[in-house]
Amino acid sequence: MKAAVYEGPRTVTVKDVPDARIEHPNDILVKITTTNICGSDLHMYEGRTSFETGRAMGHENLGQVVEIGKAVSKVQVGDWVVLPFNIACGFCKQCEQGLTNYCLTMQPKADMAGAAYGFAEMGPYQGGQAELLRVPYGDFNALRLGEDAAERQLDYVMLADIFPTGYHATEMAHVKPGDQTIVYGAGPVGLMAAYSAILKGAGRVWVADHQADRLRLAEQIGAIPIDTAEQDPGEVVKEATLGLGADNGCECVGYQAHDPQGEEDASLTMNGLIDAVRFTGSLGVVGVFIPEDPGGADAQGELEAQGKIPIDFGMLWFKGQHIGTGQAPVKRYNRALRDLIAGGKAEPSFLVSHELGLDEAPEAYEHFDNRDDGWTKVVLHPDGRGGSGERRGSHLTVQELRHQASERGIEGRSHMNKQQLEKALGN
Ligand SMILES: NC(=O)c1ccc[n+]([C@@H]2O[C@H](COP(=O)([O-])OP(=O)(O)OC[C@H]3O[C@@H](n4cnc5c(N)ncnc54)[C@H](O)[C@@H]3O)[C@@H](O)[C@H]2O)c1
Ligand SMILES: [Zn+2]
Ligand SMILES: [Zn+2]
């Protein structure tokens with residue numbers, strides 16, 4: 001089968017690898033039809049993790065079951081499923097409490113917890129940017145989808161990671177109806193955190209980043225963009241809240257946070273949040289921070305390379321703020337979020353800018369890693385056809401489609417998402 005394989009810093013190659021297969025009676029085998037590139041893949045792509053060369057990448061996976069192990073009883077061949085990026089057993093001390101993000105069984109190292117497909121330090125599992133994926137404990141890990149699955153793959157695939165992860169950031173930040181929430185990072189995860197806060201009924205949501213195309217998407221879903229190249233988020237938020245600050249905040253950037261000029265500083269976003277969030281407010285930190293970043297010594301210094309990040313702990317303590325951190329327990333939320341999609345209440349595909357074939361993975365990684373304008377979220381289709389099986393999506397961005405719609409005088413264009421714009425334009 002073909003897979004997108006990591007071959008060293010900034011090198012991903014699509015090549016033939018041994019077919020994924022059933023290895024255990026509880027496994028299922030999934031033919032992957034839609035799989036995303038994630039900001040987490042970029043930490044590995046840039047050589048800023050211990051990810052091994054020769055391994056397939058990809059942890060945001062959706063597809064159709066083609067084979068089941070002898071002990072599988074719920075999932076059937078032919079089912080459409082989306083797989084949480086966490087691989088979990090369902091019966092260990094952590095899984096019993098719903099902490100599938102820290103499963104003990106699937107992580108081979110005794111002093112570690114948590115497993116994922118194609119992910120550094122998260123067990124030996126192959127990724128799903130490939131034609132086939134082996135899913136351990138298929139009955140527990142696969143979330144089955146309804147009849148609209150084939151047509152709405154771009155929405156449902158976001159359940160593998162970024163929609164539940166953004167939602168988890170708002171849970172750890174205790175976002176409630178009416179709250180004023182600030183999100184750092186307008187990447188896919190930050191946009192999903194803002195979208196989740198809005199779905200929960202937050203009164204006002206700000207999103208801070210320096211990427212104009214991503215901030216436009218934040219505005220499109222009803223958030224207030226803050227361009228960090230021009231404004232200090234803490235000042236903007238305090239001015240809007242009688243000097244108090246936001247009720248809570250979400251960190252959706254991680255250890256490669258940088259200033260608008262590209263200078264890395266892992267403490268930027270945490271210190272920004274500690275400043276912008278009020279006394280006793282909560283911070284949900286889903287951006288990835290890692291205990292060792294040897295590749296980052298040049299970019300940030302020796303201490304940061306050891307995961308030691310100078311955050312304003314004195315101010316955090318003084319303000320009595322709370323912090324929640326870590327990988328998201330996708331399974332805790334994916335069923336409910338699936339039903340919001342199925343019920344027409346959520347449409348997370350609004351952020352998809354590119355649908356490409358698996359063969360195009362190398363270029364897709366390059367563009368997404370450069371944060372090239374308009375490359376907000378890349379979806380790959382290893383089945384060699386468009387998501388619906390009928391047509392490939394447009395390679396134009398939402399902004400470009402909207403511009404076309406405006407030139408053609410199409411009404412209601414400012415409220416349309418990518419698919420609706422494509423339909424209206426007949427693309
Ligand atoms: N906890 C989890 O379970 C989980 C799951 C998925 C992704 N992640 C992590 O979430 C983070 C974001 O993922 P993504 O896919 O959105 O990545 P991304 O790299 O596409 O987006 C990050 C965004 O942060 C912006 N940014 C950088 N420095 C900034 C700063 N100082 N202030 C404001 N914005 C800044 C960038 O311009 C970019 O738009 C990554 O660290 C990723 O690894 C965590
Ligand atoms: Zn991801
Ligand atoms: Zn477990």
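**Reading burial, a ligand shell and backbone angles in a predicted model**

Me: In this predicted model, in which strand is T33 found?

Reply: T33 is found in strand β3, which covers residues 28–36.

Me: Is T33 buried or exposed, and why?

Reply: The general idea is to count neighbouring C-beta atoms, because a residue is called buried once 20 or more others lie within 10 Å of its own. T33 has 24 C-beta neighbours inside 10 Å, and therefore counts as buried.

Me: Which residues is T33 in contact with, once its neighbours within four places in sequence are left aside?

Reply: T33 is then in contact with L62, G63, Q64, Q153, H381 and D383. As for Y137, which is 104 residues apart from T33 along the chain, the C-alpha atoms of the two are separated by 20 Å.

Me: Which residues of helix α9 are buried, and what covers them?

Reply: In α9, which spans residues 268–276, the buried residues are T269, M270, G272, L273, I274 and A276. Their cover includes the strands β8 (180–184), β11 (246–251) and β12 (277–285), together with the helices α8 (233–240) and α12 (313–319).

Me: How many residues surround ligand 1, and which are the closest?

Reply: The shell around ligand 1 holds 34 residues, of which G39, S40, G187, V189 and G254 are the closest. Two or more residues apiece come from α1 (39–45), α5 (162–172), α6 (188–199), β9 (204–209) and the helix α9. The element that gives the most is α1, with four residues.

Me: What classes of residue make up the shell around ligand 1, and from which domains is the shell drawn?

Reply: Sorted by class, the shell around ligand 1 has 15 nonpolar, 15 polar and four charged residues. Domain 1 (2–160 + 331–351) and domain 2 (162–325) each supply at least three residues to this shell.

Me: How should I read a positive phi in a residue other than glycine?

Reply: As a general guide, most residues other than glycine have a negative phi. In this structure, E121 has a positive phi, near 65°, and this residue is found in the loop between α2 (93–96) and β6 (132–135). R371, which is not a glycine either, has a positive phi of about 50°, and its place is in the loop between α14 (361–369) and β15 (378–381).

Me: Why do E121 and R371 count as partly exposed?

Reply: The partly exposed class lies between the cut-offs, so a residue belongs there if its count is above 12 but below 20. E121 counts as partly exposed because it has 16 C-beta neighbours inside 10 Å, and R371 because 17 other C-beta atoms lie within 10 Å.

How values were computed. Residues are numbered from 1 along each chain as its sequence is written. Chains are lettered from A and ligands numbered from 1 in the order in which they are written. This is a predicted model: local features need pLDDT of at least 70, side-chain atom pairs count only at pLDDT 80 or more; totals for chains, interfaces and linings use all residues. Two residues are in contact if their C-beta atoms, placed from the backbone, lie within 7 Å. A residue is near a molecule or strand if its C-beta atom, placed from the backbone, lies within 6 Å of it. Ala, Val, Leu, Ile, Met, Phe, Trp, Tyr, Cys and Pro count as nonpolar, Asp, Glu, Lys and Arg as charged, and the others, Gly among them, as polar. Domain bounds come from an automatic or database domain assignment.
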